[in-house]
Amino acid sequence: MPILHFSGGFSFQPPFYNNNPSNDTRVTDPVDLDHPQQDDPMHSVKFDSTLSQEQLQKRIGCDPLKYFDFEFSNVYVSRITYDDGTSTDKDDLIIGKPILLKGLLVDVDPHLERGQLYAAEVKVIDTLIGQLNKAVQSELHKSIRTADGGGFFYLSAHFESELYNVYHLEDPKISDKNSRCISELLSELAGSKKLEIYFRVDRYNLSTNKGDVYGYISPAISDTKDIGILVKNRHLIIDGKIDEQVKKDFHIDEEDRLMHLEASYDIMKDRGIILLRYLDFIPFIDKDYHTLSGYRYYAIIANNNKSNIAKKDVIVHIVLDSSHEEMKKSGGLVVIKLPPNIKEYRNLNLSVKVAKNEVEPQPFLTESKWNLVLAKSERPVNNATKGQVVLKDSQECMTIGSNQQRSIDVTVFYNHQLCPDGTEIDLGSPEKDDYSPIVAWFTKGVAKTLNGHITATIQTRNLEDSEDVRDPLSDSDNKMIRGNLPWDRYYGNKLSLAIKGEDAHLFSQHINIPVRVLHVVDEEKMQTNINFARDIMPLLSYYLRYYPWLHIEVQSCRYNQFLDLGDPGSILQSIAEILQRLRLDDSDWHKMPRSRDFPLGGVKLLERLECITSTDPNCGI
Amino acid sequence: MTLGDGIRRNIAKVSSDERSILKKAFLALNTDQNFRYPGKRDDKPFTGGVTYWFKQDEIHQATHVHGGPAFLTWHRELCNRFEKLLRKYDRRVSLHYWDWTTDPNAAPDEKGNPVKLFTEDFMGNSDANVDDGYAGEPWLDANFYNPSPQDDYYRAVDPFDTEHSNPFDPPIELKRTKPPGTLESFARSQGRRFYSDGEIINSCTYPEMRTKLEQVHNSAHMYIGGTIGDPHTSFRDPFVFLIHSNVDRLFAAWQLQVGCKWRLDPKYVYGAEINSLSMGTGHHVSVGLQTLLSPWSGFDDPDAEPGVKDVRPWASPENWHKHPDLYPDEGSKNSIDISVVTPPKYDDRYHNEGQLVKVAVNLCGSTDESLRVR
């Protein structure tokens, strides 16, 4: 399977006004995040069918007809790297083919800013079609380093996901006879090998809801090969010997995760190539895609993982093209071919050096000693047609029910090998979160590795019978809430894992896991009469508070609310379809985006409501 | 009237022989082994071997062009293409219409005598109290539906039952629940606004006309009820094409009003909606007139919905739409294309005044003014 490099744009339609839990769209709210104007009716985000498209966009900052839609736009195959490591930018019929990708990018919790891409499908025209396992957004990184720039536009993040249900798309005029890409693709698919997609997004503009994307589709690489040697997502971090002037030029702040420089790479052993993702260490210095002038970047690979590398150990020494034109062609990926005599990857060492104005290259990025890798769990899709499909579920963020426990599994690598037994991992739980009570924590503070692994248990708060917790809607730390915590809010906080005693701020040695905690419906309610206000409305109050434009369409040139969750009549009229959609698997596009946060047990309760209202004598009412 | 003159007529007013020919053409599209698209049932990623008839439901399911500027134009394209398929069976056939101002169980023929369309000789049963509302013959024997499928191969009623959604397979049911009386009396009993033909074709602008027309069309689906009453399954019922032929007739009548030649000109016919693009996503998408007509133009479009299966042969591996040299009748187009703007021939004409109103733009690219009933 060749590697398909691509670049282009994306659009994304997120509602932001709920990022602050105090915002309540049932009353007039300030939604201009930068310039709140409480008294200005233009800033109410309540449903209003008389608004024009432009007025609505201005008020809520996105197109609610496409809430949470994430899609590529004008993305094309820009380069193909063939199986032997050679590449072309023009001599293959697949070059220039559009790449379509669309899915639902839903945050795990509005204030924790971690997107989960669900139900996405990618299509490379006349080449392949496939679906993405859930992809979780990486930590944010500052990709435009101006002195004064702030906001989303200056940030980047990436996604990676294995593909499933991958098929070749045929065309009468493009075949293995006239496209080497198709020839290699067919060989790969015939061998049932897996593919993955990696893409990095940046320059997200809140006014246009658009940004840039770079990435590639390649054969999937598992985390480890050769008995525990890490070959995927090996991290490069800032070299401790970096020059102060370089740090200054690149605006590096080692205490600020956003301001780090980083990179990661994979080894494709069977092909003898390395895939180095370089966009996160060649930042832009302005909005016009300029990078630091005078700087040259070198990727150096040595067959020696000791700290002192002799010249004789260097097996690859290449200059990276840091132009934006090259970024667009490469998708931010440089493919480095290893010498054919290199068969052993245990001691491979990749570093990046920089040189300014023709001086000698000097230290810049080096291999991270540690790498923490979260396990991916597997789950069958919960519907019969897709029964053959097993999806990979990430633990990079989690959604857990109230008063429950969940385990996570982490593999710890030291020098790319499973770490020694007894390595201590700090398990961190926050003491305070401005936007939510603390609702999730580790059951212990430290875990020790065994066979390179740790397992840690997360405990969640009982949201239906809570002890006193700080009310995040109050400015005061002393205002507490307790008991059955309000159902019209969201609850979550970050947990962290870090190598004990190391530089915990380094991303390779420290993982943040956002955890969302959902209310759970009391089973006893299933046995008693249902009171609409008491039992049903709490399930929906979260949507009413934050998403008044969730169920709309354009009809007769007006916005029309086809389902009003505040109106029992509207709910009862649509209950069959509400349930149909709620029951769909999270990987199904037809499931409404925020239905993935529906209170646990809520579907059962609605089923009971449907049963009762259908006057089914078996309902026992 | 002349069989084979290419004119679509009131189905009640053509001869019983002509109705019979039309029925046979419908049946052939699901029974003649030559009338299948390329491929096999279990082809991946897209199903092949679908009959010409089942393809209609597959197309409709994959697109759902409702509630927007392209509602009329997309369904015109569908009807035109379907009529061509019917003519593969008998080139004399035209896609006649049901005049929805009449009761299809008592529609007057040329002499004013009532004709019942819902009989086993023509469109099957429509009475919910007979055989539980199943359409029965002539459709059952021709496998238009199969209430007792073997090997679990059938299309379910539930649109989200993806295990039972292969367009190759027959639907598990084809039902109707038509009440007594006319569409108008039904609509009024449901509190739904009913526009007369005159009110529709006297609309001054395209947005006004198509909005009224779609509302009555929606009521027509509900009036027949059952399978045709659900937008997810409506194109499993052959009667749907008689409804849509009537919808297109009214669109054509509006275009052909005396003094309104501009309604035959792609530049002017759609008024302020001419530049409309698609809005929304999923089943609540409003398709614009600039949007390519799909699936016949393929789904290689950023707005295409994930999980919606492309429809062959306008997808891999045939890709008819990409190769007009190989498939001269295909090729991507949108609603501005002259082949879409030009109305088919119908047996009636309306003579009313109409004028182009220039106004400011609103959500649909049209105007408040243009929607006002005059």
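Helices (H or I, at least four residues) and strands (E, at least two) are taken as DSSP runs, numbered from the N terminus. The structure described here is a predicted model, in which local features need pLDDT of at least 70, side-chain atom pairs count only at pLDDT 80 or more, and totals for chains, interfaces and linings use all residues. Residues are numbered from 1 along each chain as its sequence is written, while chains are lettered from A and ligands numbered from 1 in the order in which they are written.

Chain B is a good place to begin. Its secondary structure comprises 9 helices and 2 strands, and along the sequence these follow the pattern α-α-α-β-β-α-α-α-α-α-α. With a radius of gyration of 20 Å, close to the 21 Å that the globule rule gives for 374 residues, chain B is as compact as a globular protein of that length; the radius is taken over C-alpha atoms, and the rule is 2.2 Å times the number of residues to the power 0.38. The C-alpha trace of chain B spans about 60 × 50 × 40 Å along its principal axes. Of the 374 residues in chain B, 51% are buried. A residue is buried if 20 or more other C-beta atoms lie within 10 Å of its own, exposed if 12 or fewer, and partly exposed in between, with C-beta atoms placed from the backbone.

How, then, does a single residue of this chain sit? B:Phe118 lies in the loop between strand S2 (114-115) and helix H4 (183-189) of chain B. It counts as partly exposed because it has 19 C-beta neighbours inside 10 Å. Beyond its neighbours within four places in sequence, B:Phe118 is in contact with residues including B:Pro104, B:Asn105 and B:Met123, a contact being two C-beta atoms, placed from the backbone, within 7 Å.

Chain A offers a sheet to explore. Here 8 strands form an open sheet with antiparallel pairing, in the order S18-S17-S20-S21-S14-S15-S16-S19; two strands pair if DSSP finds at least two bridges between them. Strands S18 (314-320) and S19 (333-337) of chain A stand at the edges with a single partner strand each, so one side of each is left without a neighbour in the sheet. Within this sheet, strand S17 (residues 295-302) and strand S20 (residues 349-356) of chain A pair in the antiparallel sense over 8 bridges. One of the bridge partners in S20(A) is A:Lys356, which is matched with A:Tyr295.
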